[in-house]
Amino acid sequence: MATSSRWKDIDDKFCLCSVCLEQLKEPKLLPCLHRYCKDCLNSIIQGTYDVIKCPECRQETQIPVNGVDGFKTDFYSKNLVEYVQIQQSLKSDEIRECYSCSKHLRVAAYCFKCNDFLCKDCHNFHVTNKLLKDHQKHTLSLEDIEAKNITKEKLASIRHAPRCHIHLEEIAKLCCETCVNLPICMACTYGKHKGHSLYEVTALAQLKRKELTQNLKALQGIDKDKNEITPKQAKVRLILIASIEKEKMIKMHYEKDQKIMTKIRDTEGKRQQVEQEKQNTEKKIFDSLQTEMEHEIQGAKKKYKDIFRVKKLELNDIFKARESSLEKELAKLRDQRERFERDKNELLESLEKQLNENMKTIQTMSEHFDNIKKRFETLNVMSSSILASDNDWPVVQCIPDMCTAATNLMKDFKKDFPELTTLTDVTVNYKQYSFGRPNVTKISEKFDKKITINDPYRYVFGMTSIGDGNIVISGVTSDGLTSFIIVIDMNGRMLKEKILNTEKFWPARYCKFLSQHKVASVCEPNEIGLYDVRDGSYIKKNISDVINSWLKNQNVTCVATDPVNNHILVGGNGARDLYVFDDQLNYLHILTLPEMIKWPLDITASDGHLLVCNHAGKKCYVTTMDGLESKLVGEFMKPNLEGNKFGPTSVCSDKNGFVYVLWKSSSQCCIVQYNHDGSQVLTTRKLDEDEYVVTVVETSQGEKLLLATYNTQTMYLYDLMTED
């Protein structure tokens, strides 16, 4: 846009007139766009139909349906603009028609009661004639402006009561609150403003002053609270926490690396020991045979040499096999060390990425904080000026905008500053590494501890350990109308409780550990959610709302979590498909199980595989979990108990990879421990109660096995004893 003497550049795209530019120097209540003249507004919103960004403060403002006529008037700024216009006219000695003598002379003063300019002679007559006594306090001269003694309060008192906005020849007698405090005359009460809320200006001014004072007190209280912890302090705290977490992780990886190196050195020593043992054995046999041959005749010497050759060949075969086994073990350890180093680097990169993201969040919050701080200070200064004014008209016209600004500012205070999180919310998945053959564990013959929940009126369908020694349990309340999620400690004491309503009768709810503070949960018929153990909050969505292939009468029957990828897998009745979601409950894809699995009753992710309890076939399987098609890896052997048909109800695994399956029949229940691929039964224990769910919990004494009954609210803790 080409600029002239009237227009000045404020942006590479927009120009504003000199009056609007002068106005921008003053504090503001409404966004800048509400204070521009119509010409400037038409220039700015040209070609725009929805939202316009202010060229000065960059604040976005919704364009009214009726264009520039729909922008709200900022009366406070309008008064300042009028003063600026009068000031410019007086300072420039502008030639105008004098209101009193009608001559075209240089203006010397402005009478707010006459609402027009006066020449020098008429101004002197104005301020000396007794007949115009009531005009004198409403007259503004060039000398007053040059003396710089005009304050905002004095300007407000100089202004005369406004005229009716419809009948311009009438002085306003009342104020219409329905029409944003417009000044009106008595005739308007029978016309356009009939039936509106009308006030005498002094009474309305007192009411608005009181309302503004209350809003300012509320804002000052919020500002005091928000200044207790600034974003800059949060930023320093976040960096410190990140450094501590990083040092802990590096130290842990260093200790694990040293353990691997120690194992490698021990294995190298064993290999050298085997070689030395081989040489010593050869020497002993050779010496023994040589001694015997010396006492035999010369003809028998050849026989003993043949025997020695055969023995030597046998020994070579034996020790070659042992050397080959050790070489494979060394190669496996070196490969594990390389994978361990890669995982460490990935974790460090993940931690650094999370730190950078949190730093960006802190920076954004800091900028919001500074913006809101400036808005609060501006509102405070302008409010003090208005409250100190003796003129009631500026009060009733400006205070509603100030109250609106105060309300919006209080909302922004609460919206812009959520609770600051730290790197302790970052979930780092440390992989377990075994060196050589893992220690074999077996289930103790009798339970170590019996745990009873204080509130027995529940039915248990899901149970998981959350890593801090506490347990999360889910299921149905005794009336069958609602489901629940509770957190208990190892003594059965309830720490948190969440009762959830549903439209389904007897809504079975299942749960599995997802991350440090989150538990994934599903509930019949098709609900999936995330439970936060810190504050007991729960977010959810219906699977049928995001997946078209979810059948109308299909119910969820199980849930599993993949800690490596932070995925949630959900299974349903009568279907081979598992539905995969991320840790934000976003649907990803479908994983189809092998054809012999028709109905997954329970699933667990373990060491890159899925452990699946098949309801229809009463069998338990190991399958892959990569890609979109799961393949069969193996089948778990059923317990060798006569006279009963067992089916699996729950499955889990410990950190060494051993698998535990809970088998039930119509009259018996047992827990069976298997090796890694399920091909070998390690331990079988008959159970006396009606156990339904099993999980592994981490205690101060190491891992233990926890079994929960279906309807008695009783749990049994079993030791996992190690056999070297």
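This passage describes strand pairing and salt bridges in a predicted model.

In the C-terminal direction from residue 609, strand 28 (residues 609-614) and strand 29 (residues 619-624) run antiparallel and are joined by six bridges. The two strands form a hairpin with four residues between them, and within that turn K618 adopts a positive phi of about 55°. Across this pairing, V612 stands opposite Y621 of strand 29. Strand 29 is also joined to strand 30 (residues 632-635), again in an antiparallel arrangement, through three bridges. Here Y621 has E635 of strand 30 as its bridge partner, so that Y621 is matched with V612 in one pairing and with E635 in the other.The contact between strands 29 and 30 also involves charged side chains, since E635 and K619 meet in a salt bridge with an N to O distance of 3.8 Å. This pair links distant parts of the chain, with E635 in strand 30 and K619 in strand 29, 16 residues apart. Neither side chain counts as buried, because E635 has a relative accessible area of 40% and is partly exposed, while K619, at 32%, is likewise partly exposed.

In total, the structure holds 14 salt bridges, among them a pair formed by K664 and D690, whose closest N and O atoms are 2.3 Å apart. Because K664 lies in strand 32 (residues 659-664) whereas D690 belongs to the loop between strand 34 (681-687) and strand 35 (691-699), the pair ties together parts that are 26 residues apart in sequence. The two partners fall into separate accessibility classes: K664 counts as buried, with a relative accessibility of 17%, and D690 is partly exposed, with a relative accessible area of 36%. Salt bridges that share partners also join E268, R271, E327 and R334 into one network.

A further salt bridge is formed by the side chains of D489 and R493, for which the N to O distance is 3.2 Å. For D489 the relative accessibility is 11%, and this residue therefore counts as buried, the cut-off for that class being under 20% relative accessible area.

How values were computed
Residues are numbered from 1 along each chain as its sequence is written. This is a predicted model: local features need pLDDT of at least 70, side-chain atom pairs count only at pLDDT 80 or more; totals for chains, interfaces and linings use all residues. Side-chain values use heavy atoms; hydrogens and water are left out. Two strands pair if DSSP finds at least two bridges between them. A salt bridge is a side-chain nitrogen of Lys or Arg within 4 Å of a carboxyl oxygen of Asp or Glu. Buried means under 20% relative accessible area, exposed over 50%, partly exposed in between (1.4 Å probe, protein chains only).
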